[in-house]
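Dear colleague,

Please find below the structure that I am handing over to you. My findings on its helices and strands follow directly after it.

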Amino acid sequence: MVTPTLPSSLEHGSNQWNYDIFLSFRGEDTRKNFIDHLYSALVRVGIHTFRDDDALRRGKNISTELLNAIRGSRISIVVFSQGYASSKWCLDELVEIVHCKNTKSHTLFPVFYHVSPSDVRNQTGTFTESFARHAERFQEDLMRVKRWRAALTEAANCSGWDLESVSNGFEAKFIEKITREILHQLHPNRLNVAKHPVGIDFRIMEMKALLNLETNDVRIVSVHGMSGIGKTVIAKAVYNQISDGFEGSSFLLNIKETSRQSDGLFKLQKILLFDILKNRDFPFENVDSGIYLIKKLLARKKVLVVLDDVDHVDQLSALAGNSDWFGAGSRIIATTKDEHLLKQLGNYKKYKVEELACTDSLELFSWHAFKMPHPMEDYQELSISVVKYTGGHPLALEVLGSFLLGRSITEWKSTVEKLQKMPDHHIQKILRVSFDSLDETTMDIFLDIACFFIGMDAKYVAKILDGCGFFPDIGISNLARRSVVTIDCHNKLRMHDLIRDIGREIVRESSCKDLGRRSRLWFHEDVFNVLNSEHMESHVVEGLMLNPPAPKEIHLKTDAFAKMKNLRLLQINNVNLTGRFELLSKELRWLCWHKCPLKILPPKFHLENLVVLDLQHSNFIEVWKENMIFNKLKVLNLSYSKNLCKSPCFSQVPHLQMLILEGCISLVELHDSVRYLEGLVLLNLKGCKNLRNLPKSISKLESLETLNLSGCLELEKLPENLGDMLALKELFIGGTAIKQLPSSLSFLMNWKGLSLSECKEQFSGSWLSRFSSLLSPRNWNPRTLLQASVPGFDTLGKLVLRDCNLSEDKIPLDLGGFPSLQRLDLSENNFRILPDGISGLSKLQNLYLDQCKSLYSISGLPANIETLTAFCCSSLETLSFSSSSELAALYLGDCSNLVDIQGLNLESNIQVDLVGCNNLSYDFSKSVLQSTRTNYTPCYRMIIFPTSDIPNWFSNQEMGPSISFHVPSLSEGDFRILYICA
C-alpha cells in the first residue's frame, strides 16, 4: 500500500466481479483442514473469497448458485486432492471454470494437494478408479465424462502450486506462498511513476547496481538530492521492477508530511506491517510498541521497504532503525534531501540524483510543451532557452512546459524574459522546502553564497563567513546535506541556478520596491540605483557586488557608501573609487577589489575587521604603510599586481593564513617581517620571475604547509634551514634557477606534494642525483634518485618530475620509496621503459607520461590506476594492463607507432582516446568495434580511434563534410550507443 491511511479492504478490480476467488475442492478431503486454513488466510488479507459452505444462500438452487459464483469470480483456485475426481459436482464445477477461463478474463490456478500433477493430467493413480466408476455410471452420457477428462487435462497444464515440490509438504508455508502470489495477481505492487519517465532507465540500472539484489545481506540505499529532482520517481520505478522478488514490500509515501500529524508515525508503522504481513490486527497502541513488533515480525522476512521523503532521525528510528530489523536479503530505500541522514542505520550506499542531461531535458520539456518528444520547428531556440534556465531540473521542466503548452511565440518570449528577472512561483514553492527550516545563521550563509560566492573556493568563503560569525563549517555542511549547495572536485561552491534564484528572490521579497532596504545587492542596475541615490536608505545593506565587464571602468565616490554602516561584503572590481575612505563601513569582512587603481591603501581606510583582502591585478607599488593594523586578516591576495616591487610589512598582520603573490613580476624580495606570520599555511610566489632570494627568517614559518616557488626564474637558492618548517607538505620549485637544496629537507616528515618540473641539469653532474644525496646524511648510491628509506616520503601523494631529463643512463629512477603516491607526472623525460618500483605503487591513480619520446613499452602498471595519459609518445609500440585493471580513462593521442594494447577492458565505464594512433593492428581495431557492438551493459563510454575503413554495418554512410540521420526515441529498457566513423 502506498497511501498514508490504513485500508479497510482491498479494492475489487472491477464491478463485474462479485468475488475475487472461487474455491473448488472436495469437501470430504480438505474442508476442515487445508481449505479452512487457505480460506482464512485469503480473507485475512482482504481477498473476497467464495467457499460453498460459507457463501451459499439457503433455499436457493445450489447448482445455479455455484455457476453464478464461478462466473462472478476473477480467479478460481482448484484444489486437486485424492478424492476430487470422485465427485461429479467438483468435475462439473471444473468444466464451468475451464469454460470461463477460455471465454472470459477468468484465471485458473490449480493446487495439487497430495496428488501428482501427472495423475490429474492423465487421470491416473487414484483418478483411474474414479473414472472407471464414472464410465460405468454414465454410460448414457459418456460425452459428459469426456468433458471431465478434458477439463482435468487442461487445468493440470495451467501454472499452479504443488504441495510437495513447493514447500516439501509444509502446509503453512504453502498457504503463505499461495496467498502472497494471489494477492499480487489481484493487486500488483505497481505505482504510478511519471507521465513521461524520460531519462529514468539508466538511473534505475544504477540503483539496481547499488542494491546488488544477488547478495543475501541487508542493504540500505539513500536516494538524495534537491526538491523536485526526481527522487520519488526513481524510487517508484525501482520498486515496480524489484518488489516481486521479496516476501513482502511496502512503499511509504510522504513520510515527512504524515509524521507531522499527532499519530503520524504510529499510522506509518501500521501501514508498514499491513503492507508486508497483510494483517490489521496487531495489538500495539504507540510508536515504541510498533518498533518492537516491526523488529519481531520482520526479522526473518526478506522485505523491500521504501521510505519516501525522510527528513528526521525519529522517522528512521520508528520505521527502520537498523538493518538487523529485517531478514536476510532485505533492501531498504530512503529518499531524502539530507545526504547524511541515514548514518544511524550503519553502512549504507548513497545515490545522488543529478540533473537531467541536455537532450533528456529538452525531450521532457517537449512532451509537456508540445505533446511530442521534440520542439516544434519555430520554437526550437526558445525551448533551448527555457531548458537552459531550468538547468535540467525535472520539476521545472514539467511546470514550465505545461504552462507554455499552446501559447504563442510572443507569449513564449515574454515568459523567457520574465524568468530572467523573476523565478516561477510554483517552482519556488516546491524548492523552498529544502531550506524553510534553516536557522537564521545558516540562512545567512545560504543567502551570502547565493548572492556572492558561487564558484569560489569553499575554504576561502568559509574564512569570510567565519569572520562574520556564521559558523560556516557546520552551516555549509548542513546546506550540502540538503543538496542546497555542492562542493565540486576542485573544492568550489556550486548551486543550482533555480536554488540560487530562490535565494535571491528571498532577498528581493524583503523589500520589493525600496532597493536600499535589501540586505544584499548583486544586480548591477540595482547597485547603481542605490549608489546614485542621495535619498534612498541603505543602512540595512550587508553585501554589495559590482563586477562590470572588464573594458568598462566605473567611477564612484566613497560618499555613495556612507550610509551603509552594516556593510560586511564588498566587491567592486574594475571600479575607480575616490574620496574619503573613512566613510566606508567599519564592519567590512571581505573586500574584493580587482584592478584597484590605487598605488597604496589610504591610511584612514578602516580595515581592522577585514578577514579577506583580495586585490588581484591591481596597480599597487606599495600596499600599505607600516602603521596599518589588520588584526583579523587571514587572506591577502595580490596576484598579478605587476607594479608591486616589494611586499608589505607583516608586523601588524598577526593572523594571516594565506599570502598569495602569484604573478607579481616586479617583486624582488619578500619582506623580512614574514617571520611574524606564525599561522601562515600557504605562501604562493609562483611566477615572481624577478624574485632573487627569500629571507632567512622564512624558516620560522612553522605552520606553513604549501610553498610554491614555481617559475621564480631568478631564484637560485633556498635558505639552508628550510627544513625547520616541520609542517611543510607541498613544495613546488619547478622552473627556478635553484642549483642546490638545503640538507635540512631531510627532517621533513609530512610530504604530500613535490614538483620538480623543468629541473634539468644546471651544472655538471645530475641535479636530481645531487638532490637525492642531500635528502639524507647516509651514503646512498648517487645514481638512485629517491630510495625507500628517505624520511617523510612515505606520505608523499603527488610527485611532478616533468622535463627533468630522466633516463636509464643518466638518472635512473626508483619509485619504491613513495608508497602513498596517488598522482605521478613523468612527462617529457627520456626513459625507454617505466622506472623501477612503479608496479608497487598500490595507491597510484593518475599517471602522466606525455611526450616521453623514447618510451617504447608500458607494462607492469599497478591495477588501481584510473587515468593514464601518454600523448605524443612517438616510440611507444605496446601497452598492457593487468586483468584486474580499474582503468577509467586512457589518452594516447599521436602515438604513431602504437600497434597493440593488451588487457584493455572495453566493457567497463571507460574513455579511450587513440586519435593519431594510426598504426594499430587490424585485430585490435576489430576487437574494439566488436566489444562495443555486443556489450549492452549500461555504462558511460567514449572510444575514439582511427580506422581506414568504415564498417559495413554502419547504417548511415554519405560522402561529404556532413551527415544527418534520425535518432529513434527510446522505450523502457533500451540503451544508447552512437558510432561515428569519419
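The crossing of helices α11 and α12 is right-handed. Please note that the model is a predicted one. Helix α11 covers residues 201-211 and helix α12 covers residues 231-242; their axes come within 10 Å and cross at roughly 65 degrees. Since angles of 65 to 115 degrees count as roughly perpendicular, α11 is therefore roughly perpendicular to α12.

On the α11 side, the contact is made by Arg-203, Ile-204, Met-207, Lys-208 and Leu-211, which meet Ile-234, Ala-237, Val-238, Gln-241 and Ile-242 of α12. By character, seven of the residues in this contact are nonpolar, two are charged and one is polar.

The second topic is the sheet. Five strands form it, in the order β7-β8-β9-β6-β10; the sheet is open and the pairing is parallel. The edges are taken by β7 (248-252) and β10 (349-352); each has a single partner strand, so one side of each is left without a neighbour in the sheet. From one strand to the next, the twist averages 15 degrees.

Within the sheet, β6 (residues 219-224) and β9 (residues 331-336) pair in the parallel sense over six bridges. In this pairing, Val-223 stands opposite Thr-335 in β9.

Helix α12 also links the two topics: α12 packs on the sheet and touches β6, β7, β8 (303-310), β9 and β10. The direction of α12 makes about 165 degrees with that of β7.

Yours sincerely

Terms used
Residues numbered from 1 in each chain as written. Predicted model: local features only at pLDDT ≥ 70, side-chain atom pairs only at ≥ 80, totals over all residues. Heavy atoms only, no water. Axes fitted to C-alpha atoms, helices over the stretch in contact; angles between N-to-C directions. Helix = DSSP H or I, 4+ residues; strand = E, 2+ residues; numbered from the N terminus. Parallel < 35°, antiparallel > 145°, perpendicular 65-115°, else oblique. Left-handed = near helix turned anticlockwise from the far one by under 90°. Contact = heavy atoms within 4.5 Å. Nonpolar A, V, L, I, M, F, W, Y, C, P; charged D, E, K, R; others polar. Pairing = 2+ DSSP bridges.
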